[in-house]
Structure formats: structure tokens, C-alpha cells
Amino acid sequence: MAFTYTVGTDIGRVRLKVSDTNSAAYAFEDAEISDMLSEGGSVNSAVILALQTLLVSRALRVKRASLPGVSYDDTAQIEGIKLALSIYGADLPFAIITSPA
């Protein structure tokens, strides 16, 4: 289970852009980000893949509850991730092109 955060590296750039910089509570292992960088081919494509992964993860765990005088709704984080995706252009059509190894 490896976590590194060095801004000058591609892994660090992805972590910075998805706000995954806290070593005590990180979302992605370095190997997972490396995989996203390989699949996406660029830092921004890896950011989109990371945000999509977070979106699915949060959607599976969304909680809403209501009792008399008290309500809890954590769906705002999903909307925040959707907004981040649109900022990075994930709402635009794009293709990931890889060359054969």
C-alpha cells in the first residue's frame, strides 16, 4: 500500500488535481494512479478516470436519512465530483488512443 505525493511527478499532479494529498486518508494507491496514467495517456485523462472512479465509489455508498427534526444527506459530494469532471472536460466527447505494445 504505497502513497507518495511529490508535485513534480505525474502521480503527484493527479493527486493534486483530485485533492488526494492527505497521506492519512488517501483515496488511491500509487499503483492505481499509475494504471490510470497508463490507460489515459496523460495527467488530465488520469484525473478524469480518477474522478469517475470516485463518483462510482461514492454513488455506491450514498446515504440519506431523515428522522423528526434531523436529516442527513451526503449526496452533495456526488454533485461536487460531477462538477470537477465537467471542469476537466469529462462531459466532452473524447477517445483514449493507445498504441500496440
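**Exercise 1. Find which residues have the most contacts inside the largest nonpolar core, and which helices supply that core.**

Start with the core itself: the largest one has 21 residues, and Val-14, Leu-37, Leu-51 and Leu-85 have the most contacts inside it. A nonpolar core here is a set of buried Ala, Val, Leu, Ile, Met, Phe, Trp, Tyr and Cys residues joined through side-chain atoms within 4.5 Å. Buried means under 20% relative accessible area, exposed over 50%, and partly exposed in between (1.4 Å probe, protein chains only).

Next, sort the core by helix: α1 (10-17), α2 (30-40), α3 and α4 each supply at least two residues. The largest share, nine residues, comes from α3.

A word on the model: it is predicted, so local features need pLDDT of at least 70 and side-chain atom pairs count only at pLDDT 80 or more, while totals for chains, interfaces and linings use all residues. Residues are numbered from 1 along each chain as its sequence is written, and side-chain values use heavy atoms, leaving out hydrogens and water.

**Exercise 2. Lay out the order of helices and strands, then describe how β1 and β2 pair.**

Begin by counting: the protein has four helices and two strands. These are DSSP runs numbered from the N terminus (helices H or I, at least four residues; strands E, at least two). Along the sequence they follow the pattern α-α-α-β-β-α.

Now take the strands: β1 (residues 64-67) and β2 (residues 70-73) pair in the antiparallel sense over four bridges. Pairing requires that DSSP find at least two bridges between the strands. Leu-67 has Val-70 in β2 as its bridge partner.

Finish at the turn: two residues lie between the strands of this hairpin, and Gly-69 in the turn has a positive phi of about 85°.

**Exercise 3. Check the length of α4, and work out where its buried residues lie.**

First, the length: at 1.5 Å times one less than the number of residues, the twelve residues of α4 (residues 76-87) should span 16 Å, and the 17 Å between its end C-alpha atoms agrees.

Second, the buried side: Ile-78, Ile-81, Ala-84 and Leu-85 are buried in α4. Seen down the axis, the buried residues fall within an arc of 120° (taken from the directions from the helix axis to the C-beta atoms), so they line one face of α4. Their cover includes α3 (43-60).

Third, the other side: the face turned away from the buried one carries exposed Ala-76, Leu-83 and Ile-87.

Last, step past the helix: just after α4, Gly-89 takes a positive phi of about 85°.

Methods: Contact = heavy atoms within 4.5 Å.
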